[in-house]
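Welcome, and please take a moment to look over the sequence and the model below. We will then walk through the structure together, one part at a time.

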Amino acid sequence: MFHLEVGNPTSLKFLEELVGLERATFKKNDSWADGELEQMSKKRNSIIVAARLVPDGKLCGYVLCTSTGLNVHVSKIAVRAEYRRQGIAKRLMQAVLRTAATQRRSCSSTLHVALDNEPAVQLYRSLGYKEDGLLEDYYIPGRHAYKMICDLEPYKGAAEGGLALAAINGKK
Ligand SMILES: CC(C)(COP(=O)(O)OP(=O)(O)OC[C@H]1O[C@@H](n2cnc3c(N)ncnc32)[C@H](O)[C@@H]1OP(=O)(O)O)[C@@H](O)C(=O)NCCC(=O)NCCS
């Protein structure tokens, strides 16, 4: 069982939890643990959704996006390794897309993903994202990325409780 929280870190403890998960998930070159995550999370146009285990509240996943006018760009998503394939990332993404579509009136969502990151590519496709170009050598020479885009029309008005999307219960 897990529940979702929408909102940027307001406490040092929350930020430390995010940084800990970031460090545990990404290799140094791809990690935002050394300051970037803190910087991004303080921006007014950032949207963060965190997944916490019930009942102990342990952080098991998060997604971070940036809302820029009509578009919301997904920058990071991570689920703790031992809790993967339980639908957590899908629920995180659905929550952020619904929040962007209803609260920020976003029409589209974009992201970049490494071609060889099969779990992430499949996750995004399952949410309605489509390939929208190839970014050659995007990460390092030889490591390319897909640009992906998703139409948010199906996510409009779909948030439980409308704008009051403070917590959604999830289970598996
Ligand atoms: C990508 C990631 C966030 C997916 O998290 P998750 O909670 O395991 O994903 P979900 O359980 O919600 O999976 C939803 C769908 O995504 C796809 N998917 C997820 N993991 C997959 C895998 N290992 N192989 C193939 N498809 C996968 C499936 O379509 C899945 O639906 P299904 O379980 O009904 O088949 C997780 O693997 C992760 O944290 N990876 C490391 C960080 C990362 O690469 N982030 C993305 C780049 S920023």
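Before we start, one definition will help: helices and strands here are DSSP runs, with at least four residues for a helix (H or I) and at least two for a strand (E), numbered from the N terminus. Keep in mind, too, that this is a predicted model.

Let us begin with the overall span. An unreviewed UniProt entry carries the annotation "domain: N-acetyltransferase" for residues 4–153. In the model, that span is 30% helix and 38% strand, and its end C-alpha atoms lie 22 Å apart.

A good element to follow through the chain is α3, residues 88–103. How well does the span of α3 agree with what its 16 residues should give? At 1.5 Å a residue, α3 should span 22 Å, and its end C-alpha atoms are indeed 22 Å apart, so the two agree. The helix is mostly covered, with 12 of its 16 residues buried. Among them are Ile88, Ala89, Leu92, Val96 and Thr99, along with the charged-looking names Arg91 and Arg98. Thr99 is a helpful case to look at: it sits in helix α3 and counts as buried because 21 other C-beta atoms lie within 10 Å, where the cut-off is 20 or more. Thr99 also links distant parts of the sequence, as Gly157 is 58 residues away along the chain, yet the two C-alpha atoms are 9.1 Å apart in space.

Now turn to the interior. The largest nonpolar core has 40 residues, and those with the most contacts inside it are Val49, Tyr62, Val63, Leu92 and Val96. Several elements give two or more residues to this core: β1 (2–6), α1 (12–25), β2 (46–53), β3 (59–68), β4, α3, β5 (108–114) and β7 (143–151). Which element provides the largest share of this core? It is α3, with 9 residues. To see how the pieces meet, look at Val49. Leaving aside residues up to four places away in sequence, Val49 touches Leu4, Glu5, Val6, Tyr62, Val63, Leu92, Ala95 and Val96.

The next stop is the ligand. A shell of 20 residues surrounds the ligand, and the closest are Arg84, Ala89, Pro119, Gln122 and Leu123. By class, this shell has 9 nonpolar, 6 polar and 5 charged residues. At least two shell residues come from each of β4 (71–79), α3 (88–103) and α4 (118–126). Of the elements, α4 gives the most, with 6 residues.

Finally, a few backbone details deserve a look. Just after α3, Arg105 takes a positive phi of about 55°, although Arg105 is not a glycine. Arg105 lies in the loop between α3 and β5. Is Arg105 buried or exposed? With 12 other C-beta atoms within 10 Å, Arg105 is exposed, since 12 or fewer is the cut-off for that class.

Asp137 also has a positive phi, near 55°, and is a residue other than glycine. Asp137 is found in strand β6, residues 130–140, and is exposed, with 10 other C-beta atoms within 10 Å. One more detail belongs to the loop between β2 and β3, which is the place of Pro55. There, the peptide bond from Val54 to Pro55 is cis, with omega near 10°.

Conventions. Residues numbered from 1 in each chain as written. Predicted model: local features only at pLDDT ≥ 70, side-chain atom pairs only at ≥ 80, totals over all residues. UniProt positions renumbered as here; feature names shortened; annotations may be inferred. Near = placed C-beta within 6 Å. Nonpolar A, V, L, I, M, F, W, Y, C, P; charged D, E, K, R; others polar. Expected span 1.5 Å × (residues − 1). Core = buried A, V, L, I, M, F, W, Y, C linked by C-beta atoms within 7 Å. Contact = placed C-beta atoms within 7 Å.
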